[in-house]
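Reader: Please choose a single part of this model and take me through it closely, beginning with how its elements are arranged and then following one residue into its surroundings. I would rather have one connected account than a list.

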Amino acid sequence: MRFLPYILKHLRRNWIRTGSTILGMALCIFLFCTLRTVLRAMDDAREYGNVTRLVTRHAVSLVYNLPLSYEGQIAQMPGVERVAISSWFGGSLPAKKESQNGKKGAEGQPDFSKFFTNLAVEDEPYFAMHSEFMVPAEEMRAFREDLRGCIIGRGLAKQFGWKVGDTFFLESFIPPYRRREGPFEFVVRGIYDADKVREPAADDRVMYFHYKYLYESTGRRVGAGLYVVELQDPSQAATVAGAIDKMFQNSEAETKSETEAAFRADFIAMIGNLALLLNSIGLAVIFTILLVTANTMSMAVRERRTEIAVLKTLGFTSRQVLGLILSEALAIGALGGALGLGLSVVIIRAMTKVPGVSGFINGFPNFGLHWSVSSQGLAIALFLGLAAGVMPAVSAYRARITEMLRQV
Amino acid sequence: MSAVPTLVEIRGVTKVYKRGRERIEVLHGIDLDIPSGDFVALMGPSGSGKTTLLNLIGGLDTPTGGSVTVGDRRIDQLSGGELAAWRAGHVGFVFQFYNLLPALSAQRNVELPLLLTDLSAAERRRRARIALTLVGLEDRARHKPRELSGGQEQRVAIARAIVADPVVLVADEPTGDLDAKSAEEILALMESLNRDFGKTIVMVTHDPRAAERAHTQKHLEKGVLKA
């Protein structure tokens, strides 16, 4: 501790260089923590998912719909409790503000900055098998009685300030779901609360509306985006999934059935090998910062060769000098790491509120900077500082006093 | 009248440097006794081995052959770590270019050798303050080296050299970078340390006027001590 003032004074000596190195380190740790948080959230999302439900989709791609006739066939299969259609609508609010009274609000291009998940579902079986969505009975009744009615999550209602009775318009970017008359009009008939204890992945920023409304508004031409299948016995998931896919083998629309968790994993994988991409970026940044910090430390030590000689002359042992230089490097790492972590906390919190991004982020259960990611970030910062300081410290350790003094 | 004890005893010291395959013998069998409380000036032309000899006395380097005893300690037999510990407790160094640490104030510079002791922070500050008072710079304690004149910097360096109360002060051209007036002040200060505090001083100098302030003058030529 008695050497701490000495270390800090030296860090402040060339404050621009020290400051820029700390900032570089902070940026590195910020990127690492933020990327790791996203990856962790994606990993978590893969693990969550109700074990009593299967998802059956088109074997080729989610882009293709399944025939509506499949619903009855799946429902007849042994081990299946019930089946519900769920189609991802892909609707966005029109850029022009929605209005309560009319068609004016239907004009304007979609505003993707206010994008949120909206699904056309068969309400009765869907909500029966999704008990984690808690809707007051009278609101559910009102929803079922109104074809334009929708149920929205509490988070979504809060985000847009919607309440029961409010009207808004959505325009899908998926061509078959667009209609000549313009965007779809919806009336909020109910607001659900997500039971995160029962289902950690339950998202309260989703809007559900009647599949029938979509089907009839589009001239009864659309199929089912996917089928959600509730099982009688979760242990039979693989058997039932295999039986469903076997039933539609060699048909025009072969199916792929999997558990909700597997479906989430597949859905995330559609983005590409995001983990590899993010990890590569993180590694490149870490390596760059290592070089930058090592260069800074080398310059700092080279400039202070005489001072190091003086310290040794005064009786500081080579080990003590080595310790001082490593401590300086560690201090840079610790300061940069702390700053980077602080920045990550702020940005990760902000991400959940940024329009456009928040919709994606809030779909992940428990999105936030986890202590294990923070610890890893701090450990990397300290390691980078230490690694950057090793060479200059060893050089100072080995240097002979008389040689260093002669270079004055 | 009792004889003054010998503080520094050098016997048959040789020093060889190797530059590639070339072997350069800088000191050739030096014998030298420095009594306790003496003020010795080491003189000689450039390359004669003055600084090398001073470094051996101060424990900054070890001889290739022979022995160097300071007090009752054979310092040529000490390991690197032992030598560092010995320097911290027994030797004060004054350099031509002061070699103060620019990031630290005068007070902190003077405190540096005390960081290696068990003294409390308050005691370190007190002793550094006394040392600065001794060199007449108590009012400059908070100043950084760049805010001081050359003479003042050298006085801070002397305060740093004496703060741990060493038995011997070694000074390498302490007035070499100073104007005449500042050089005079530094020499007067060194004289005072020798006379009033009994410090043994070994000083390398080119300046005959500086050498005149010493009690003993030793001349080195081509690595050999002349009478």
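Author: Two strands are taken as paired here if DSSP finds at least two bridges between them. The model is predicted, and the part I have chosen is an open sheet of six strands in chain B, whose order is β6-β7-β8-β3-β9-β10 and whose pairing is mixed. Its edge strands are β6(B), residues 91-94, and β10(B), residues 224-226, each of which pairs on one side only. From one strand to the next, the twist averages 25°.

Within this order, β3(B) stands between β8(B) and β9(B), and the pairing of β3(B) with β8(B) deserves a closer look. Strand β3(B), residues 39-43, runs parallel to strand β8(B), residues 200-204, and four bridges join the two. Leu42(B) has Val204(B) of β8(B) as its bridge partner. Across β3(B), β7(B) (168-172) and β8(B) lies helix α6(B), residues 180-197, which runs at about 150° to β8(B).

What does Leu42(B) touch, if residues up to four places away in sequence are not counted? Val202(B), Met203(B) and Val204(B) are among its contacts, and they fall within the span of β8(B), residues 200-204. Leu42(B) also touches Lys50(B), Leu53(B), Leu54(B), Lys218(B) and Leu220(B), so the list includes two lysines beside the nonpolar residues, with Lys counted as charged and Leu, Val and Met as nonpolar.

In soluble globular proteins, nonpolar side chains tend to be buried together. Leu42(B) and Val202(B), which touch each other, are both named, together with Ile29(A) and Ala159(B), as residues with the most contacts inside the largest nonpolar core, a set of 114 residues. This core includes residues of chain A as well as chain B, and helix α12(A), residues 318-351, gives the most to it, with 12 residues. Apart from this core lies another, of 54 residues, among them Leu93(A), Val121(A), Phe143(A) and Val188(A).

Turning to where the chains meet, the contact takes 18 residues from chain A and 19 residues from chain B. On the side of chain A that touches chain B, α1(A) (4-13), α11(A) (305-313) and α15(A) (401-406) each supply at least two residues, and α11(A) gives the most, with five. The residues on that side of chain A divide into six nonpolar, seven polar and five charged.

Methods: Residues numbered from 1 in each chain as written. Chains lettered and ligands numbered in written order. Predicted model: local features only at pLDDT ≥ 70, side-chain atom pairs only at ≥ 80, totals over all residues. Axes fitted to C-alpha atoms, helices over the stretch in contact; angles between N-to-C directions. Contact = placed C-beta atoms within 7 Å. Core = buried A, V, L, I, M, F, W, Y, C linked by C-beta atoms within 7 Å. Buried ≥ 20, exposed ≤ 12 C-beta atoms within 10 Å, placed from the backbone.
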